[in-house]
Amino acid sequence: MRRVALLLRNARLVDPAVKLDRVADVVVRDGVIVEVGKDLAIPKGETVDLAGKVVLPGLADIHVHLREPGREDKETVRSGTRAAARGGFTAVCAMANTTPVCDTGSAVRFLVERAAAEGKVRVYPVGALTVGSAGEALAEIGDMLAEGAVAFSDDGRSVADAGMMRLVMDYVKRFGAPVLAHCEDAGLAGRGVVNEGAVSTRMGLSGWPAAAEEVCVARDIRLAELTGCRLHVQH
Ligand SMILES: [Zn+2]
């Protein structure tokens, strides 16, 4: 927390929540905004001219990969949350496709503890829908919620079996949490490496029809209607 007064001058302030969009000055004291207005001054402290710049509330990225545990060579809670803070993000939702997959209460607790120790922004864990994100057995949804998970997702993998997806959504719905879905019918996608169409034919590449995604989006919307579960189609 900043212990000195900070004056941000001439910034464009944007906050849709309070219908704010105008150029003004901001005084921050001990990390808290204490005044917004025109031609403000502070007796001592730091003044920064932000003419041409935009000041926003902290942004939230609801789909990030902090890779911890298992792939710390790619990213860690520390590096990922520092990058988030640098980009203006004050909250992130960390996906469950770590190694091992985040599919238990203790795995969620590990992330919460890492975030408390190393995180630079708020970290909201996303737990897996199914054990190991393999699509075959329900993960420990209740335990993960109790430890701080806010949503559930098998990240880049679809729950192939519609009956299992229904079970998952039925269960998650009871806790009021959303399911974040990856919509891809593996059979239809096959070995496609490019969008199926004239170009894939001309290039001799195996195509991936748009229907591979569309049938799964349609299925999950229908299952959301059936179960009443909140659904976010992420990719
Ligand atoms: Zn992802």
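## Zinc site and cavity

The lining of the largest cavity is a mix: five nonpolar residues, two polar and four charged (Ala, Val, Leu, Ile, Met, Phe, Trp, Tyr, Cys and Pro count as nonpolar, Asp, Glu, Lys and Arg as charged, the others, Gly among them, as polar). This is a predicted model, where local features need pLDDT of at least 70 and side-chain atom pairs pLDDT 80 or more, while totals for chains, interfaces and linings use all residues. Residues are numbered from 1 along each chain as its sequence is written, and side-chain values use heavy atoms, leaving out hydrogens and water.

That cavity has a volume of about 40 Å³, and the count of cavities of 30 Å³ or more comes to one. A cavity here is a set of points on a 1 Å grid over the protein atoms alone where a 1.4 Å probe fits but cannot get out; lining residues have an atom within 4 Å of a point. The lining includes L129, M165, H182 and R219. Strand β10 (178–181) and helix α7 (211–227) each give two or more residues to it (DSSP runs, helices of H or I with at least four residues, strands of E with at least two).

Now the zinc ion. Its protein donors (N, O and S atoms within 2.8 Å of the metal, or 3.2 Å for Na, K and Ca) are H63 (NE2), H65 (NE2) and D155 (OD), at 2.1 to 2.4 Å. Their spacing along the chain is H-x1-H-x89-D. H63 and D155 sit 92 residues apart, linking distant parts of the chain.

| Donor | Location | Relative accessible area |
|---|---|---|
| H63 | strand β6 (residues 59–64) | 22%, partly exposed |
| D155 | loop between β9 (151–152) and α4 (162–174) | 6%, buried |

Buried means under 20% relative accessible area, exposed over 50%, and partly exposed in between (1.4 Å probe, protein chains only).

Key:
On a 1 Å grid over the protein atoms alone, a cavity is a set of points where a 1.4 Å probe fits but cannot get out, and a pocket is an open set with protein on both sides within 12 Å along at least five of seven lines; lining residues have an atom within 4 Å of a point. Grid points are joined across faces, edges and corners, and a volume is the space filled by probe spheres set on the points.
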